[in-house]
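Here are some worked exercises to try with the sequence and the model side by side. Have a go at each task before you read its solution.

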Amino acid sequence: MMQGRSIRLFLVDGTPNGLLTAEIMNWTGHVLTGPRTKLTELVQRPECGRTGIYFLVGPDLEGSPRPQVYIGESDDVGTRLKQHNRPEDKGGKDFWEKVCLVTSKDQNLTKAHVKYLESLLIQSARELGHCKLINGTAHDYINLPESDRADMAFFLDQIRTVLPVLGLDFLRQRQSPLTQSKEQPAQQAPTTTFELNIPKYKIAAWAQEVDGEFIVLTGSKARERWASNTDYASYKPLYQQLTEEGVLVADEAGGVSFTRDHAFSSPSAAAAVVSGRPANGRTAWVEKISRKTYGEWQDQQVNAALS
């Protein structure tokens, strides 16, 4: 079981939608984030005059659930942000609505450190695929002593920890589903698997709940197309995104299959993509052994914990 962590959040102007700082105990890093509408106040902060890494984040204008992200580094983050705030035709960037910068409280981050971090972050963001990366081609930066690379690996782990707390989920590493095996420790709780079957369309899907996410497993079947005309609370863009990314691929039987495990934010999001239409995941998914719906199973877990 992972050990708990303490993250200190501070609302700079006392409002939830303003500037916010974040720090982790025993980490020299310092995070400052805020909306673009607060850029005037943000660039006046002392952190903006330091060497650091920054993230520009905005929605995908094509309707994809994934955000657009630009990852950069600078010896003077404030000056770089002023440049990015220019209109697009004057060398700026229009897409971003939120900025997050990471510097060091002891100011020991050097230009070499942040160039190395930038390289690692861009590579990680591309591999994870949780965002549409705006960066062009980034060269690997390896001109750093071994001890410094180890320090930056730790620094990167802390960035991965704190960003999702601030609502920036594009660097979050997904946990793999748990499978029962002879090597599984005896003290580990058995894995719970859920099923969703729609015989009419020859759909059979399986999922597990891991680290707060609902993961549909490789080989699960889904509807061959999005079949609903309902726009309200529709997961149609998500279905289209997974198709474009090759997560959902047409199979030899004329249906659609998951080519790899995919984590959804909720059972309903998973059920909608599998069904090709809006669905209530709490009733659509059924626990494999007890045949209880997900809602009934979860209610049983909560009651057992309180008894």
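**Exercise 1. Is phenylalanine 55 buried or exposed, and what is around it?**

Step 1. Start with the accessible area: phenylalanine 55 has a relative value of 0% and is therefore buried (buried means under 20% relative accessible area, exposed over 50%, partly exposed in between, with a 1.4 Å probe and protein chains only).

Step 2. Place phenylalanine 55 in the fold: strand β4, residues 52–58, holds this residue. Helices (H or I, at least four residues) and strands (E, at least two) are DSSP runs, numbered from the N terminus.

Step 3. List the contacts, meaning heavy atoms within 4.5 Å. Apart from neighbours within four places in sequence, phenylalanine 55 contacts Tyr70, Ile71, Lys98, Val99, Cys100, Val102, Leu121, Ile159, Leu163, Phe170 and Leu171.

Step 4. Now take a long view from phenylalanine 55: valine 256 is 201 residues away along the chain, and the two C-alpha atoms are separated by 36 Å.

Before going on, please keep in mind that this is a predicted model, in which local features need pLDDT of at least 70 and side-chain atom pairs count only at pLDDT 80 or more, while totals for chains, interfaces and linings use all residues. Residues are numbered from 1 along each chain as its sequence is written, and side-chain values use heavy atoms, with hydrogens and water left out.

**Exercise 2. Describe the protein chain as a whole.**

Step 1. Count the elements: the protein chain has eight helices and 15 strands.

Step 2. Take the dimensions: the C-alpha trace spans about 60 × 50 × 40 Å along its principal axes.

Step 3. Look at burial and contacts. Of the 307 residues in the protein chain, 43% are buried. Among contacts with a separation of 6 or more, 60% are between residues 24 or more positions apart.

Step 4. Turn to the charges, where Lys and Arg count as positive and Asp and Glu as negative, with His and the chain ends not counted. Each charge is placed at NZ of Lys, CZ of Arg, CG of Asp or CD of Glu. The 35 positive and 37 negative charges have mean positions 3 Å apart.

**Exercise 3. How many disulfides does the whole structure have, and where do cysteine 100 and cysteine 131 stand?**

Step 1. Recall the bond: a disulfide is a covalent bond between the sulfur atoms of two cysteines. The criterion used here is a pair of cysteine sulfur atoms within 2.5 Å.

Step 2. Search the whole structure: zero disulfides are found.

Step 3. Check cysteine 100: this residue is in no disulfide, and the nearest cysteine sulfur, that of cysteine 48, is 11 Å away. Cysteine 100 is buried, at 0% relative accessible area.

Step 4. Check cysteine 131, also in no disulfide: the nearest cysteine sulfur belongs to cysteine 100, 13 Å away. With 6% relative accessibility, cysteine 131 is buried.

**Exercise 4. Characterise the aromatic pair of phenylalanine 214 and tyrosine 294.**

Step 1. Set the criteria: rings of Phe, Tyr and Trp (its six-membered ring) pair if their centres lie within 6.5 Å; planes under 30 degrees apart count as stacked, over 60 as edge-to-face and the rest as tilted.

Step 2. Find the pairs: the whole structure has 11 aromatic pairs. In one of them, phenylalanine 214 and tyrosine 294 lie 5.8 Å centre to centre with 90 degrees between the planes, which means edge-to-face.

Step 3. Locate the partners: phenylalanine 214 is in strand β10 (residues 213–216) and tyrosine 294 in helix α8 (residues 294–306), so the pair links distant parts of the chain, 80 residues apart. Both phenylalanine 214 and tyrosine 294 are buried.

Step 4. Widen the search: Phe194, Phe214, Trp285, Tyr294 and Trp297 are joined into a cluster by ring pairs.

**Exercise 5. Where do lysine 202 and arginine 291 lie, and what is the phi of each?**

Step 1. Lysine 202, in the loop between β8 (193–198) and β9 (203–210), has a positive phi near 55 degrees although the residue is not a glycine. Lysine 202 is exposed, at 73% relative accessible area.

Step 2. Arginine 291, in the loop between β15 (286–287) and α8, has a positive phi of about 65 degrees and is likewise not a glycine. Arginine 291 is partly exposed, at 44% relative accessible area.
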